[in-house]
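Colleague: I've got a new model open and I'd like to learn how to read it. Could you walk me through it feature by feature?

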Amino acid sequence: MSNLPLFRDPWAKREAWRKSSIFTNRVMIRNLFPGFGIAVVAFTAYVVADNMFFSSQKHETHHH
């Protein structure tokens, strides 16, 4: 006896897109905010540069 399924789904080709990797939850959430990772890196670099370069200038000037 063969291991073929008892029922063949006539709609299997039309439903195959649902099992595609494009529609997984991880990919959907990652594509929800495109560029978010780049923005986080850019903002972090800005904050580090601001604290390193401009913190020394803030302490040198004495304003009342």
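Modeller: Sure, and keep in mind that this is a predicted model. Let's begin at the surface, where W17, I22, F23 and M28 make up a nonpolar patch. Together they have about 440 Å² of accessible area.

Colleague: Take I22 from that patch: where does I22 lie?

Modeller: I22 sits in the loop that runs between α1 (12–15) and α2 (25–30).

Colleague: And why does I22 count as exposed?

Modeller: The cut-off for exposed is over 50% relative accessible area. I22 counts as exposed because its relative accessibility is 53%.

Colleague: OK, zooming out: how many helices and strands are there in the protein?

Modeller: Four helices and zero strands. Going along the sequence, you read α-α-α-α.

Colleague: How much of the protein is made up of buried residues?

Modeller: Buried means under 20% relative accessible area, and 2% of the 64 residues are buried. The protein exposes about 7,000 Å², with carbon and sulfur atoms supplying 65% of that.

Colleague: Which residues does the "transmembrane region" annotation cover?

Modeller: According to the unreviewed UniProt entry, residues 27–49. In the model, that span is 78% helix and 0% strand, and its end C-alpha atoms are 33 Å apart.

Colleague: What about aromatic pairs: how many does a search of the whole structure find?

Modeller: One. The partners are F33 and F36, with 6.3 Å centre to centre and 50° between the planes. Planes under 30 degrees apart would be stacked and over 60 edge-to-face, so a pair in between is called tilted. That's the label for F33 and F36, and both residues are exposed.

Colleague: Last one: where in the protein is confidence lowest, and where is it highest?

Modeller: Helix α4 (residues 55–60) is lowest, with a mean of 62, while helix α3 (residues 36–53) is highest at 93. Over the protein, pLDDT averages 78, and 75% of the residues score at least 70.

Terms used. Residues numbered from 1 in each chain as written. Predicted model: local features only at pLDDT ≥ 70, side-chain atom pairs only at ≥ 80, totals over all residues. Heavy atoms only, no water. Patch = residues over 30% accessible without salt bridge, like charges linked within 9 Å, V, L, I, M, F, W, Y side chains within 5 Å. Areas by Shrake-Rupley, 256 points an atom, 1.4 Å probe, with all protein chains shown as cover. Salt bridge = Lys/Arg side-chain N within 4 Å of Asp/Glu carboxyl O. Helix = DSSP H or I, 4+ residues; strand = E, 2+ residues; numbered from the N terminus. Buried < 20%, exposed > 50% of the residue type's maximum accessible area, 1.4 Å probe, protein only. UniProt positions renumbered as here; feature names shortened; annotations may be inferred. pLDDT = per-residue confidence, 0-100. Phe/Tyr/Trp six-rings, centres within 6.5 Å; stacked < 30°, edge-to-face > 60°.
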